Amino acid sequence: MNSGKSRSGLIGLVAAYLIYIAYELYQGRNDPKTTMTPAVRIICIVFFGVVSVALLVYAYRIWKQGSREEEKPPEKEDESLK
Amino acid sequence: MESKSVFAVLKKNVMLIVLVLVFVLFVILTHGGFFSANTFTDLVKNNAYVFILGAGMLMCMLTGGNIDLSCGSTVCMFGALGAFFMSTNKGTLENPINVLNLGVPLSILMMLAIGFAYGSLLGFLIAYVRIPPWIATLTFFLAFRGLGTALLNWANPTDKTLAYLPESFLQTFYKGVLFPTEGFNWPCFVIGLLAAGAVVFLLFFSRKKRMEKGYSVEPMYMTCLKGGLSAAGIILLMTQLAMDKGLPAPLLWVVGIILIYYFITSKTTIGRHFYVVGSNMEAARLSGVNTRRIMFLAYLNMAILSTLATMINMARFQTAMPNAGLNYEMDAIAACVVGGVSASGGAGTIIGMVIGATLIGVINLGMIAVNLDQHFQYIVKGFVLLAAVVFDILSKKRQK
């Protein structure tokens, strides 16, 4: 099977995008045109922050698993089958 | 011969059902205002770049979840180059603008040549030098944004943009309409009827072929339902477009690209190789598939499609600017992920990507139509992407 490192990169990218969204929400806190209440804004920032950290941890675990699989030696042939 | 259950068929088409439901939701929220000719035209014209970049990103992701982070910055850089080649505005004596004014055909050829060269370099670095794709493409993501901005600053220090693109270029890639007429565009409507007929015919023909070969098929009523809904959708789209001038040029480019990549991914050996490499690269290599060549082709293909997306983007905004292509790579990746392309590679279809891109386009347009606060729009986009990733993670866990 493929090591799954690429998959970890994609999940990491999505996590980074969620952090970017949390950052944009934080940046827009003083926007006079916004209809978002401060409470909703804080909840969303915290939610996206927590979820992105969770995704980053998950992506790291997949990456470590992929690295371990790549380092594993190939299986030996069963001599009795010869 | 086993018949697929209704539940299995519904599960397979869940994104299409979600798309229809989201569309209906926005029609209700806007009291029918969302269901207009303008909406359909805007959906097609403003999201053409997503479909084109999505097709390229699909081929990259099929090879093992690999992505191209540079496509948005490529749009900026190649847009700056293209405008530098073809812009007709030399400015004034006080504020000169440095452009070459080479004409449209030569400029397009040069842009394609540069795209080909860039794609070859990127493909070589990833496939043969073995640089991880995200590092190689991240490098160009940063470099091209800087280079594109620098070129625009040099070419037009006053404005930092390049406009006055030739009308023929704008017509070819954005403003043009196929068979323009006054009033209701009957050629567009007739093309829609023919396309609907062709899709229904192909659905039933494909089902018949699968039955003859002993493969499992969905129930007949499900095929009729799918055919009916597809035909209705196509006729609805074409009727709305016919009411608003006709078939826009971006739609022709998008349909052409989708048909080509549908053919490549489902009917050609090399298309199957992309899936095989993504499923298990080592097994593919041992089976005689040239895996490095497949990786090379994936990124070369992406660069060429990025060049096409650049042209459509330039024609849409009628200018080249430093923030062109911002976040385009995320739009393309989101279209693929939402459309069911697997993050680990080996699974995903062009139709799935089209549905994903359409869903994102409908959500974007719908949020603007209901005057949703821009910050709420960010939240909705975040949730859509998060739902797609969670779905992918759960599918992977279920497979194990």
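How many salt bridges does the rule find across the interface of chain A and chain B? I started there and got zero. I note at the outset that this is a predicted model.

**Entry 1: the interface**

I looked up the contacts next. On chain A, 29 residues are in contact with chain B, which brings 33 residues of its own. The two chains bury about 2,600 Å² between them. Carbon and sulfur atoms carry 71% of that area. I then asked for polar contacts between chain A and chain B and got one residue pair, both at pLDDT 80 or more.

Which elements of chain A give two or more residues to the side that touches chain B? I found α1 (5-27) and α2 (38-71). The largest share, 12 residues, comes from α1(A). I sorted that side of chain A by residue class: 18 are nonpolar, six polar and five charged.

**Entry 2: the largest cavity**

I searched the whole structure for enclosed space. Rolling a probe the size of a water molecule over the atoms shows where empty space is left. The search returned two cavities of 30 Å³ or more.

The largest cavity holds about 150 Å³ of space. I wrote down its lining. From chain A there is A:Tyr17. From chain B there are B:Met330, B:Asp331, B:Ala334, B:Val338, B:Ile360, B:Ile363, B:Asn364, B:Lys381, B:Val384 and B:Leu385.

Which element gives the most to this lining? It is α15(B), with four residues. Three helices of chain B each supply at least two lining residues: α15 (328-338), α16 (350-369) and α17 (374-399). By class, I logged eight nonpolar residues, one polar and two charged in the lining of the largest cavity.

**Entry 3: the second largest cavity**

I moved on to the second largest cavity, with a volume of about 50 Å³. Chain A lines it with A:Leu10, A:Ile11 and A:Val14. Chain B lines it with B:Val337, B:Val341, B:Ala343, B:Val389 and B:Asp392. Two elements give two or more residues to this lining, α1 of chain A and α17 of chain B. The most comes from α1(A), with three residues. I had already met α1(A) as the source of the largest share of the side of chain A that touches chain B. By class, the lining of the second largest cavity has seven nonpolar residues, no polar ones and one charged.

**Entry 4: salt bridges elsewhere**

I went back to charge pairs. Side chains of opposite charge can pair when their charged atoms come close. How many salt bridges does the structure hold over all chains? The total is four, with zero across the interface of chain A and chain B.

I checked one of them. The side chains of B:Glu212 and B:Lys208 meet in a salt bridge, 3.3 Å from N to O. Both residues lie in helix α9 (residues 186-212) of chain B. They are four residues apart, about one turn of the helix.

Terms used. Residues numbered from 1 in each chain as written. Chains lettered and ligands numbered in written order. Predicted model: local features only at pLDDT ≥ 70, side-chain atom pairs only at ≥ 80, totals over all residues. Heavy atoms only, no water. Contact = heavy atoms within 4.5 Å. Buried area = accessible area lost by both parts, 1.4 Å probe. Polar contact = N/O pair within 3.5 Å; in protein donor to acceptor, adjacent residues only side chain to side chain. Nonpolar A, V, L, I, M, F, W, Y, C, P; charged D, E, K, R; others polar. 1 Å grid on protein atoms, 1.4 Å probe; cavity = no way out; pocket = protein on both sides within 12 Å on 5 of 7 lines; lining within 4 Å. Points joined across faces, edges and corners; volume = space filled by probe spheres on them.
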